[in-house]
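Colleague: Please take a close look at one part of this model, the contact between its chains. Follow it strand by strand, and then tell me what lies behind it in each chain.

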Amino acid sequence: MAYSAAQLFVDTVDGLSRRAPAIVATAAHQLGNIILALHFGDGSHGALRAHHSQLLASVDRPAAPTVEAYFDNRALNLLFDLARQPADQLLQASLDVRGERDDVLATWRTFRLLAQRASGLRAIQALWREYREQYPDVFGQPANPSIPDVGDPAFVPPRGTGWQALDYLDQRYPEDNGAVQSTAGGTILVQSRKLWDGRGSHGWWEVTGTLDADLLEVMERAKARVQEEITRIIPDREPKAYLYNLIRDYPSRGGKGLRPTLTFATCAAFGGRSEDAVRAAAAIELFHNGFLVHDDISDESLFRRNVETLHEAHGTGLAVNTGDALNLLAVDTVLSNLPTLGLARTLGLIHEIIHMCRETLEGQAIELGWIRDGIVPSADEDYYHMSTKKTGWYTSISPCRLGAVCAGVTDPHQLNQFNEAFRLIGIAFQIQDDVLNLVGETELYGKEALGDLLEGKRTVMLIHLFREVDSATRAWLTKLIRTPRLEKSQSDAEEILAAMRRVGSIEYAITLADRLAHEGVRRFETDLEFLPETEAKGILRQIANYVTTRPL
Amino acid sequence: MPAVLRRDDSLVRPHPDIKLGPFGPFPRAPQRRELDRRWLHYAFLSRDNRLGMVSNVAWLGPAPEIPDAPQRVTSILLLYKRGVGWLSSQWNTETTTPLWSAFRQPHPFSEPGRLELRATAESPAIRFQLQRTSHPCTSQCAAFARDQHFRWQSETGVLAYGDWTFDNEVLRDVPAIGYHERVRGYWSWPELGGWVFGFANDPATTAPGAPPPTAVVFTLIQPPNPPNATAASVMVWRDGHLRRHFPRRNITVAVRGELARDRVVTVPEMAKLFDIPPMAPIPHHLMITGRLGADWIMLDFQSETAARIILPSETGIDPCSVHEVFGPCRIEGAINGRRFDYTTFGIVEFTGGAGGL
């Protein structure tokens, strides 16, 4: 069955949602409340609308579209191809957009964003190349004029025929295949630019516009690189069965790779080599896993990433010891930077790590104290405070700061520029994680269903629920959350969930996370404006927007 | 009636140590102002393209607060070995005195000279016998920012034979070919803006001691002010003589992509002690075209690895960054009806950053 243009469009938007949240969030903001009907030259139809910061595309015809757009094959040909003319130079009569004037302009801005920023992603290029190859007759030659082959000895370049370095560059390297991939780059195609054409001059250092990156690909690479380093770090010695095999367990269960991506990208964004940040990124992962082992014991959790928790599988004694060993190994990993990064940066890393651990332990203490004493705070701010300490520092703020230190930055003012943006993003991320625990699929989330409700975790939803319910329900809830986890049943958790749905706690949390994430993105753009536009900064930007576009 | 010009003898007094060619673009006058600069620059690639060397020795004007202090000299030596990486001295390389220079007159072609540069830590170091094969270009000049200027004169096809010292290894009797340049000027880094500069010698040899069949030197200097101050040139040598100078209106320069950060090292080592602002990515591809009547040239360079040299700026907070970039290079062209093309490795400098990004 032929791959329709509408399906291609849907796959493109889906791909962008996973790979380039910053583009999708910006495009969704432009699209606003518009419901867009798309009609393609091959007879297929699609729909596009925005929900919060997400773009939802589907292969169907919306009932009451605000704007309708028609693409013929030529227009489609040009929409997502960096080697061809950008979307605002489409051929006449090949694209028709109808609707209210402001809506048409908003749609046009959305297309422009998708076409010009998203077209740089290699993965999106590959998607469209595959589609074009399916219909070789429909798609013509690239828009750039063919350039005479200078390999011909008799060739004498004629005057005034566009014999420019820019043309040659595009002709010789239409897809820049020589780009080196790294843990902080190589996922986008960057358009050629002229430095000098005999008249006008642009410095090679003058990078204009916003650079993006393929977050999905970068996270995969970062995750793999750190995993490789952790494998190298963990000693291959006895006692394997009681210690070293257990140490390998949690790190090998995988994850999104968000923390190492932040560390690598920040290091590169400050002009450092992302390879110099490998050990710092590995150290954070080791600390993280050490915390998780202990956390699972104190939370009495049964599963971690769909597999038995360490204490369930091996007993609490060995699990506690493994958590301690992971933390020790993390300290050792930080110190191993000494020969390569030197004393100053290693001291800077130690300082950051100590701060990160202190914040995490304080946050954990606050939450465990609340649970022991049966306290549910009444204000969201109390949750922000606890969440930032417990997870915010080590999941988002510290990875950035550590990456910057690896690049040689020790100025507290510059390091502090990350704090507010990533504090907000971290809180939003944690709220979303808590929402996913309640409404997400266990398969995707990796933790047991409603585990947070069973363990009485203080989430924004629970705080909102306690605020909104009447006194009788609050008394019932108070009694329930004070019940030890092992005495709670699944139906208890489901009753709490039902109460949350009744008072709108989940929708409240989603909206709150969206608001915090947007404020975080705004702070990212203002506080980190001093960083030059590079692909590494593009990665940080994608992560900043990741929270806003995560499917819930 | 012409004005009576009084000659100021103090301005033409020969320098006791360094004698750099004729009066005029490269006067023997002492450097009186802080930003008066004089350089000798060397860059070599081994014949097998496995090794690269860049060195710059700079004589600076007196510091304003201590005008009678000894002249300030900085010198750096940078070695590159493929598969191993870059090795750099600090800013205090020990040198032979006087330094070898093709511009020190008289300088017969057949007379080899000695060039020795050594980090105080003993490594990196080089000990070369150098021999000229070519004639230099006429002096080039970029003028900008009211009274600032940058003058340079290039000589290609310098042959080198000698020892390269890396940390634990001395590579002996390595034949190499390279480039030599002298610079004189008065400039501050923010006012200069940045430049793209490079050279590529045809690796083919016709006879021992013979010049490369073809050699190319290109320069693009981009001061921010005044608006039309960009200086650009591509020069082509054939058999040791400058045959074509493509002027700035006849040149185009374009770049694409970025070199992965992991392929860029920051030098000298001491620079890592300070907070260094991030620099724009180094382009991955550099393409230069030139044409003049029926003559034309195209240079296609791909960055493979780079060393970022940190130069403190005397007049601003941001340092100037000189990226010495090593990579494969393809040259094609035609001069006077004769076609030439060759593939080799080149060294390109991408410089800038002192004016902020």
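Modeller: The contact between the chains comes first, followed by the strands it leads to and then the rest of each chain.

This is a predicted model, in which local features need pLDDT of at least 70 and side-chain atom pairs count only at pLDDT 80 or more, while totals for chains, interfaces and linings use all residues. Residues are numbered from 1 along each chain as its sequence is written, with chains lettered from A and ligands numbered from 1 in the order in which they are written.

In the contact between the chains, 52 residues of chain A meet 49 residues of chain B (contact: C-beta atoms, placed from the backbone, within 7 Å). On the chain A side, at least two residues each come from helix H6 (165-172), strand E6 (193-196), helix H9 (258-269), helix H13 (338-373) and helix H23 (535-549). Helices (H or I, at least four residues) and strands (E, at least two) are DSSP runs numbered from the N terminus. H6(A) gives the largest share of this side, 5 residues. Sorted by class, the chain A side holds 27 nonpolar, 16 polar and 9 charged residues; Ala, Val, Leu, Ile, Met, Phe, Trp, Tyr, Cys and Pro count as nonpolar, Asp, Glu, Lys and Arg as charged, and the others, Gly among them, as polar.

The strand among these elements pairs across the chains: E6(A) runs antiparallel to strand E15 (residues 251-258) of chain B over 3 bridges (pairing: at least two DSSP bridges between two strands). Within this pairing A:Arg193 stands opposite B:Val255.

From E15(B) the pairing continues inside chain B. E15(B) and E17(B) are antiparallel over 7 bridges, with B:Thr289 of E17(B) as the bridge partner of B:Thr252. E17(B), residues 283-292, is mostly covered, since 9 of its 10 residues are buried; a residue is buried if 20 or more other C-beta atoms, placed from the backbone, lie within 10 Å of its own, exposed if 12 or fewer, and partly exposed in between. E17(B) is also joined by 8 bridges to the antiparallel strand E18 (residues 295-302) of chain B, where B:Leu299 is the bridge partner of B:Ile288. The hairpin of E17(B) and E18(B) has 2 residues between the strands, and B:Gly293 takes a positive phi near 60° there.

Other loops of chain B have backbone details of their own. B:Asn49, in the loop between strand E1 (36-46) and strand E2 (51-60) of chain B, is not a glycine and still has a positive phi of about 65°. B:Asn49 is partly exposed because 15 other C-beta atoms lie within 10 Å. B:Glu122, likewise no glycine, has a positive phi of about 80°. B:Glu122 is exposed because 11 other C-beta atoms lie within 10 Å. The peptide bond joining B:Asn225 and B:Pro226 is cis, with omega about -10°, and B:Pro226 belongs to the loop between strand E12 (214-221) and strand E13 (231-238) of chain B.

Behind its side of the contact, chain A has 23 helices and 8 strands, and buried residues make up 48% of its 552 residues. An automatic or database assignment sets the domain bounds, dividing chain A into domain 1 (5-134) and domain 2 (215-549). The C-alpha centres of these two domains of chain A are 35 Å apart, and their contact takes 12 residues from domain 1 and 10 residues from domain 2.

Chain A also has a cis peptide bond, from A:Glu238 to A:Pro239, with omega near 0°. A:Pro239 lies in the loop between helix H7 (215-233) and H8 of chain A. H8(A), residues 240-252, packs on helix H12 (residues 316-335) of chain A, their axes coming within 9 Å and crossing at roughly 65°; axes are lines fitted to C-alpha atoms over the stretch in contact, and angles run from 0 to 180 degrees between N-to-C directions. The residues of this helix contact are 8 nonpolar and 2 polar, with no charged residue. Among those that meet are A:Leu246 in H8(A) and A:Ala325 in H12(A).

A:Phe287, in helix H10 (residues 278-299) of chain A, is buried because 24 other C-beta atoms lie within 10 Å. Leaving out residues up to four places away in sequence, A:Phe287 touches A:Asn327, A:Ala330, A:Cys357 and A:Tyr394.

Technical notes. Two residues are in contact if their C-beta atoms, placed from the backbone, lie within 7 Å.
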